[in-house]
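I opened this entry to record what I looked up. My topics are a few strands, one helix and the ligand.

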Amino acid sequence: MSDFPASYYAATANDDARHPHLVGDISADVCVVGGGYTGISAALHLAERGYDVVLLEEMRAGWGASGRNGGQICTAFNKSMAHIEGLVGKEGAQICWQIERESKDLIRDRVQQHKIDCDLKWGYLHTAVKPSHMSGINETRDEWARYGYEDTAVLDKSALQERLGTGIYHGALWEGNAGHLHPLNYALGLARAAAEAGVRIFEDSRVIKLEAGTNPVVSTAHGTVKARFVVTAGNAYLGKLVPSLYHRVMPVGSFIVATEPLSGERARSLIRDNDAISDTNFIVDYYRLSADRRMLFGGRANYSGYEPKDLFSYMRPRMLKVFPQLADAKLEYAWGGNIAITLDRMPHMGSIGGNVFFAHGYCGHGVALSGMSGKLIADAIAGTAERFDVLARIKHQPFPGGPIRTPMLALGMLYYRIRDILS
Ligand SMILES: Cc1cc2nc3c(=O)[nH]c(=O)nc-3n(C[C@H](O)[C@H](O)[C@H](O)COP(=O)(O)OP(=O)(O)OC[C@H]3O[C@@H](n4cnc5c(N)ncnc54)[C@H](O)[C@@H]3O)c2cc1C
């Protein structure tokens with residue numbers, strides 16, 4: 001039986017439910033491939049609508065990015081609303097904004113409805129690493145205000161230092177409708193809700209073949225599922241299962257360390273109001289406190305496809321650059337996982353042949369957006385595809401480079417790393 005990779009989240013998981021692996025030939029209305037937020041959310045919404053749903057997960061539900069991420073509930077997409085207006089028009093952008101708003105409400109509602117114990121907390125700081133980045137911070141505040149989001153405040157350097165125990169930033173955008181949670185416990189809570197709603201979840205059940213067509217068949221090593229609809233939700237872990245999707249998303253490694261628990265006073269001296277934080281670099285640092293007051297510090301995207309051997313010493317200098325006062329804090333956990341990125345940094349959603357739906361490539365904004373795309377897929381399968389279609393009509397180019405796309409991307413990212421240092 002597979003298990004979660006070692007992490008602070010795995011060590012503090014509050015649900016040990018296991019599901020059997022698929023043996024034999026079964027059928028369902030919908031077969032979902034992948035047990036992260038996207039897949040579980042799609043399955044849960046479909047089951048609530050009365051569909052008979054089977055979910056196949058290669059490892060354990062929550063094993064992928066959904067059980068390992070920074071837990072940061074970010075606002076908006078990876079791109080500005082002005083960029084999105086250029087892609088889908090002003091009306092389409094309004095719908096995208098509404099989707100974004102609803103993605104946070106969905107988290108609130110699911111946590112409340114299913115009593116998911118996942119340390120949900122609101123409050124977020126986007127910190128400017130260069131004085132020149134403050135103009136971008138102001139533009140973002142103004143753009144969000146034009147879309148009706150006013151629960152924000154621009155902080156100058158000294159106002160920020162009252163909230164954050166570091167002097168390295170030049171100001172920040174604070175917002176009230178973004179925050180953080182324990183990602184694995186949220187995933188496990190959703191999986192429990194899905195199972196209770198009637199979804200048949202199978203773990204240790206890697207899908208090795210997907211035969212599309214009028215009557216799709218999904219195969220694992222020990223069984224098959226015949227379904228009217230298939231949802232592929234493997235995100236950065238999907239590999240080449242659906243060849244036409246392979247070149248449109250790339251896995252990128254991201255890493256997190258967790259310190260030992262800090263005293264209440266020390267934790268407050270670092271992040272006064274328990275906000276989540278990310279900075280304005282292209283390759284972002286993101287961090288927050290856990291419920292037991294550890295510093296969870298993430299970042300250092302790795303585009304080479306290889307996980308660094310010693311994650312503790314790989315991540316420690318980044319954390320100490322922000323908080324040198326943590327030099328004596330023991331690091332107790334280090335882990336990594338794959339984020340799926342797309343070339344234009346917008347999520348990639350759509351359908352193949354009208355009955356195989358997919359959504360992936362949230363580019364580091366998936367904690368909120370992936371649950372929402374599961375809902376949009378469920379709506380589309382049930383016949384209401386207007387909102388799904390707005391995102392599905394965004395054209396996504398394949399990553400260039402064919403078989404050498406990974407080294408090409410690593411080279412491209414080196415440029416951005418240098419730009420982060422110089423700009
Ligand atoms: C280290 C890290 C930090 C991150 N931090 C943040 C953050 O702070 N905020 C944020 O918004 N986003 C963050 N993200 C991204 C976020 O976690 C993802 O966007 C989100 O979890 C995507 O959910 P998903 O369900 O689409 O994919 P996943 O959670 O990756 O789930 C995909 C699942 O599909 C399964 N699968 C794949 N192929 C098959 C197959 N053939 N058969 C059966 N099962 C299969 C995998 O085993 C996996 O469990 C982070 C990601 C990582 C890795």
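My notes follow, topic by topic.

**Ground rules.** I am working from a predicted model, in which local features need pLDDT of at least 70, side-chain atom pairs count only at pLDDT 80 or more, and totals for chains, interfaces and linings use all residues. Residues are numbered from 1 along each chain as its sequence is written, and side-chain values use heavy atoms, with hydrogens and water left out.

**Strand 13.** I started with strand 13, residues 286-289. Strands here are DSSP runs (E, at least two residues), and helices are runs of H or I with at least four, numbered from the N terminus. I looked up whether its faces are covered, and both are. Tyr-286 and Arg-288 are buried on one side, Tyr-287 and Leu-289 on the other. Buried means under 20% relative accessible area (1.4 Å probe, protein chains only).

Next I checked its partners. Two strands pair if DSSP finds at least two bridges between them. Strand 12 (residues 276-279) runs antiparallel to strand 13, with two bridges. The two form a hairpin with six residues in between. Strand 14 (residues 295-302) also pairs with strand 13 in the antiparallel sense, over four bridges. Tyr-287 links to both neighbours: Ile-277 stands opposite Tyr-287, and Phe-297 in strand 14 is a bridge partner of Tyr-287. The hairpin of strands 13 and 14 has five residues between the strands, and there Arg-293 takes a positive phi near 65°.

**Helix 10.** I then turned to helix 10, residues 366-381. Its 16 residues reach 21 Å from first C-alpha to last, close to the 22 Å expected at 1.5 Å a residue. That expected span is 1.5 Å times one less than the number of residues. How many of its residues are buried? I found 16 of 16. After the helix comes Gly-383, with a positive phi near 105°.

**The ligand.** Which residues are closest to the ligand? Thr-38, Glu-57, Ser-66, Gln-72 and Val-207 are, among 38 that surround the ligand. A residue counts as near if one of its heavy atoms lies within 4 Å. By class, this shell has 14 nonpolar, 20 polar and four charged residues.

I also noted backbone contacts. A ligand oxygen is 3.0 Å from a polar backbone atom of Tyr-37. A ligand nitrogen is 2.9 Å from a polar backbone atom of Val-207. A backbone N or O atom of Gly-364 lies 3.1 Å from a ligand nitrogen. Taken alone, the ligand exposes 1000 Å², and the protein buries 98% of that. Helix 2 (37-48), strand 15 (331-341) and helix 10 each give two or more residues to the shell.

How values were computed
Buried means under 20% relative accessible area, exposed over 50%, partly exposed in between (1.4 Å probe, protein chains only). A polar contact is a pair of N or O atoms within 3.5 Å; within protein, one must be able to donate a hydrogen and the other to accept it, and residues adjacent in sequence count only if both atoms are side-chain atoms. Accessible areas come from the Shrake-Rupley method with a 1.4 Å probe; for residues, only the protein chains shown count as cover. Ala, Val, Leu, Ile, Met, Phe, Trp, Tyr, Cys and Pro count as nonpolar, Asp, Glu, Lys and Arg as charged, and the others, Gly among them, as polar.
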